[in-house]
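This briefing covers salt bridges, nonpolar cores and pockets in one protein chain. Please read it alongside the sequence and the model shown here.

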Amino acid sequence: MAAPPPAAAGIESLEGLVLDTIISKAGARPAAALACASARLRAAAADDSLWRRFCAEDLGLDAPLDPEDRPLPSFKVAYKVWMESFGMYPLPLVKRVKKFWASLKSWLSENFPEAFKTLCKGVSEAQLKSAEDDLGFKLPMPTKLLYRFCNAQLPFSEDDDANKCISTYGIIGGYAFYDHLVNVHLSPLEQIVVETKEYCREFPEVFNGRKLIVVATSWFHPKTFLLNCSNGELYVGTHNLPIGETIPCVPKSLIRPTDNDMPQDGLLLWLEEHLRRLQNGMVKTRRLGTSRYISLYPEASPSCTSAMTNGVKVRASAVFVPEHPQNGGPRGRSMYTYSIRMSVPEACMLGGVYYSSCQLYARHWIIRSGDRVVSDVHGEGVIGEFPVLSPGQEEFVYESCTPLPRGPGSVEGSFSFVPGKLSRPEGKPFEVTVAPFPLEIPEYIF
């Protein structure tokens, strides 16, 4: 039998704990190589506590499971199985994408199980290769890994009834005001190929020669997100998408699709930012008729503002609506939808007197573009209603919209209430403040 290499022979003479420490710090690949040098090194490198550490550090695994969460006999076997499946990708990226999907699935299963059930099993390398062949170009590495772990959501079909059952379950979410309803679903790989080809046929001047794919869409009012597979940038289409008008959805400075150690494209960054907003409560689920959906109206400061006047609490926030027909145009306007939530958490109090209820009868809005007032509006009620608020009731919520000349702006104002009801006032009218809330095109657009 040939003698082991000098380096291996030197390591082999070390004491057990020192040897274990050196192998542990060397990493999984050197450990596997050392195992071929001698029986003692093979035994040292076979210690499963060593592979437990490698699995945790390299893959984020805390149990010996395969990529489909099936149990395996040891961490060493688990590491081997994962390397066979994902060894063609940088391990830090594998760990990052694995963590993203695990965290999103955990949030959905706890907070929105209806949407969790629409997630699909990840695709294979062969399926990715087939999709790339159909499209005629390569997908960015981070996007490929995203789909290896989870093939997004159930696809829409020609069955309208089936589509309606899942229509509000988009994991990106949306908003609803008047007859404008948007709910964005992450598209599965097969739908990406089909819809991208349809867009290429329908809008050849926009798509031909550009490596664009459709990665997310809304079943209700059209809203389309496009990934540029050449530079990794993610865009949302405006109402003028047929003539090529899009808006970036992710800060360009963060996109590094070809970084050797940690490539990141717009889709991965976009999804991670969305997950952060779900986890920190910036966006939450809300009722829509008999269903629920992820509402993109911000729920936390600074995007959502709050004010309390005489016991009446008003919260307000807005969302940029890039796909709205009135967005853009010759005046360069931006369209926003805003959500107003009002309630009486404890009691309505006016002049030291408590009232069991109060009713809204008028509104006043001041809309600014920068420091300039562009609209000063007075009107009766809100969206044709005159809500009555009482302690302990759920928030009264309504949505509306407003255009704004390009550039950041804000909305503020007040609501006029009477104690009791309009049909039987119990005291003098009073004003309830709506704290200024921002109207601005954000860095991340969802």
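A nonpolar core is a set of buried Ala, Val, Leu, Ile, Met, Phe, Trp, Tyr and Cys residues joined through side-chain atoms within 4.5 Å. The model is predicted. The largest nonpolar core in it has 114 residues, the count of salt bridges comes to 21, and the largest pocket holds about 650 Å³ of space.

**Nonpolar cores**

- Within the largest core of 114 residues, Trp270 and Phe415 have the most contacts.
- Helix α7, residues 91–111, gives the most to this core, contributing nine residues.
- A second core of nine residues is separate from the largest one, and Phe203, Phe207, Tyr235 and Leu241 are among its members.
- In soluble globular proteins, nonpolar side chains tend to be buried together.

**Salt bridge between helices α9 and α10**

- Glu132 and Lys144 meet through their side chains in a salt bridge, with an N to O distance of 3.5 Å.
- This pair links distant parts of the chain: Glu132 belongs to helix α9 (residues 125–135) and Lys144 to helix α10 (residues 141–149), twelve residues apart.
- Glu132 has a relative accessibility of 5%, so Glu132 counts as buried.
- Lys144 also counts as buried, because its relative accessibility is 16% and the cut-off for buried is under 20%.

**Salt bridges of Arg286 and Arg315**

- A salt bridge joins the side chains of Arg286 and Glu299, at 3.5 Å from N to O.
- Arg286 lies in strand β9 (residues 284–288), while Glu299 sits in the loop between β10 (291–295) and β11 (305–309); the two are 13 residues apart and link distant parts of the chain.
- Both Arg286 and Glu299 are buried.
- Arg315 forms a salt bridge with Glu395, and their closest N and O atoms are 2.9 Å apart.
- That pair spans 80 residues, from Arg315 in strand β12 (residues 312–320) to Glu395 in the loop between β18 (388–389) and β19 (396–405).
- Arg315 is buried, with a relative accessible area of 15%, whereas Glu395 counts as partly exposed at 32% relative accessibility.
- These four residues belong to a network of salt bridges that links Arg286, Glu299, Arg315, Arg341, Glu395 and Glu399.

**Largest pocket**

- The largest pocket contains about 650 Å³ of space.
- Its lining has 25 residues, and Asp66, Pro67, Glu68, Asp69 and Phe149 are the closest to the pocket centre.
- Elements α6 (75–86), α7, β1 (119–121) and α10 give two or more residues each to this lining.
- Helix α7 gives the most to the lining of the largest pocket, with four residues, and α7 also gives the most to the largest nonpolar core.
- By class, the lining of the largest pocket has eleven nonpolar, ten charged and four polar residues.

**Second largest pocket**

- The volume of the second largest pocket is about 400 Å³.
- Its lining comprises 19 residues, with Arg277, Pro298, Ala318, Pro442 and Tyr444 nearest the centre.
- At least two lining residues come from each of α14 (266–279), β12 and β22 (430–439).
- Strand β12 supplies the largest share of this lining, three residues; β12 is also the strand that holds Arg315.
- The lining of the second largest pocket divides into 14 nonpolar, three charged and two polar residues.

Definitions and conventions
Residues numbered from 1 in each chain as written. Predicted model: local features only at pLDDT ≥ 70, side-chain atom pairs only at ≥ 80, totals over all residues. Heavy atoms only, no water. Buried < 20%, exposed > 50% of the residue type's maximum accessible area, 1.4 Å probe, protein only. 1 Å grid on protein atoms, 1.4 Å probe; cavity = no way out; pocket = protein on both sides within 12 Å on 5 of 7 lines; lining within 4 Å. Points joined across faces, edges and corners; volume = space filled by probe spheres on them. Nonpolar A, V, L, I, M, F, W, Y, C, P; charged D, E, K, R; others polar.
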